[in-house]
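Student: Please take one part of this model and look at it closely. I would like a single connected account, starting from the surface and working inward.

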Amino acid sequence: MALTEFDRELIAATQGGLPLVNRPYEALGAMLGVPGETVRQRLAEMLDNGLVRRIGAVPNHYRLGFTANGMSVWDVDDAQVDALGARVAALPGVSHCYRRQRQGSVWPYNLFAMLHGRQRREVERQAAQIAALLGPACRAHDILYSTAILKKTGLRLKD
């Protein structure tokens, strides 16, 4: 699907994030010269047809005091990973959870769940809860702790 000129303007206006105001679509609409409802509708259409994958908040966990951030990785039975992954994703300490392909014996993990805590013991406690939930379907796991803050950006258009 080809982008319209309005789509390009809308994406350019949102590349740095939505305005941090009570009514962000109205603020964007004012910038673009259209009603806020037009902005909301077009973004919904872009989500529906796959031009945009999601619209969401991206918190800075470090600024919120969550400095012990770890990607927990799990070797889960392939026949159960989807159902168990959905249960892991619903846990309160998990910010995102997804399935990935294994990389042979080098990387046996197929389920990833990002955990956040103020201290590593909090993350380890969350991982223990996940291990209990996964039960015998889990053969191995590890936690990869963040060592740097990576810049997170949204959709960008090439010039």
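Tutor: In this predicted model, Asp82 is exposed, with a relative accessible area of 52%, which puts Asp82 over the 50% cut-off. Salt bridges with shared partners join Asp82 to Asp75, Asp78, Arg99, Arg102 and Arg139 in one network.

The side chain of Asp82 meets that of Arg99 in a salt bridge, 3.0 Å from N to O. Asp82 belongs to helix α4 and Arg99 to strand β2, so this pair ties together parts 17 residues apart in sequence. Arg99 is partly exposed, at 38% relative accessible area.

Another member of the network, Arg102, forms a salt bridge with Asp78, with the closest N and O atoms 3.0 Å apart. Here the tied parts are 24 residues apart in sequence, because Arg102 lies in the loop between β2 and β3 while Asp78 lies in the loop between β1 and α4. Both residues are partly exposed: Asp78 has a relative accessible area of 41%, and Arg102 has 23%.

Arg102 also meets Asp75 in a salt bridge, at 2.5 Å from N to O. Since Asp75 lies in strand β1 and Arg102 in the loop between β2 and β3, the two tie together parts 27 residues apart in sequence. Asp75 is buried, with a relative accessible area of 9%; the cut-off for that class is under 20%. Beyond its neighbours within four places in sequence, Asp75 is in contact with Arg102, Pro108, Tyr109, Asn110, Ala137, Cys138, Arg139 and Ala140.

The burial of Asp75 fits its setting in the strand. All 9 of the 9 residues of β1 (residues 68-76) are buried, so the strand is largely enclosed by the rest of the structure. In a regular strand, side chains alternate between the two faces of the sheet. Both faces of β1 are covered: Asp75 shares one side with Asn69, Met71 and Val73, while Ala68, Gly70, Ser72, Trp74 and Val76 are on the other.

β1 pairs with two strands. With β3 (residues 111-117) the pairing is antiparallel over 7 bridges, and Trp74 has Leu111 as its bridge partner there. With β4 (residues 138-145) the pairing is also antiparallel over 7 bridges, and Gly70 is partnered by Tyr145.

The path from surface to interior thus runs from exposed Asp82, through the network shared with Arg102, to buried Asp75.

Definitions and conventions
Residues numbered from 1 in each chain as written. Predicted model: local features only at pLDDT ≥ 70, side-chain atom pairs only at ≥ 80, totals over all residues. Heavy atoms only, no water. Buried < 20%, exposed > 50% of the residue type's maximum accessible area, 1.4 Å probe, protein only. Helix = DSSP H or I, 4+ residues; strand = E, 2+ residues; numbered from the N terminus. Pairing = 2+ DSSP bridges. Contact = heavy atoms within 4.5 Å. Salt bridge = Lys/Arg side-chain N within 4 Å of Asp/Glu carboxyl O.
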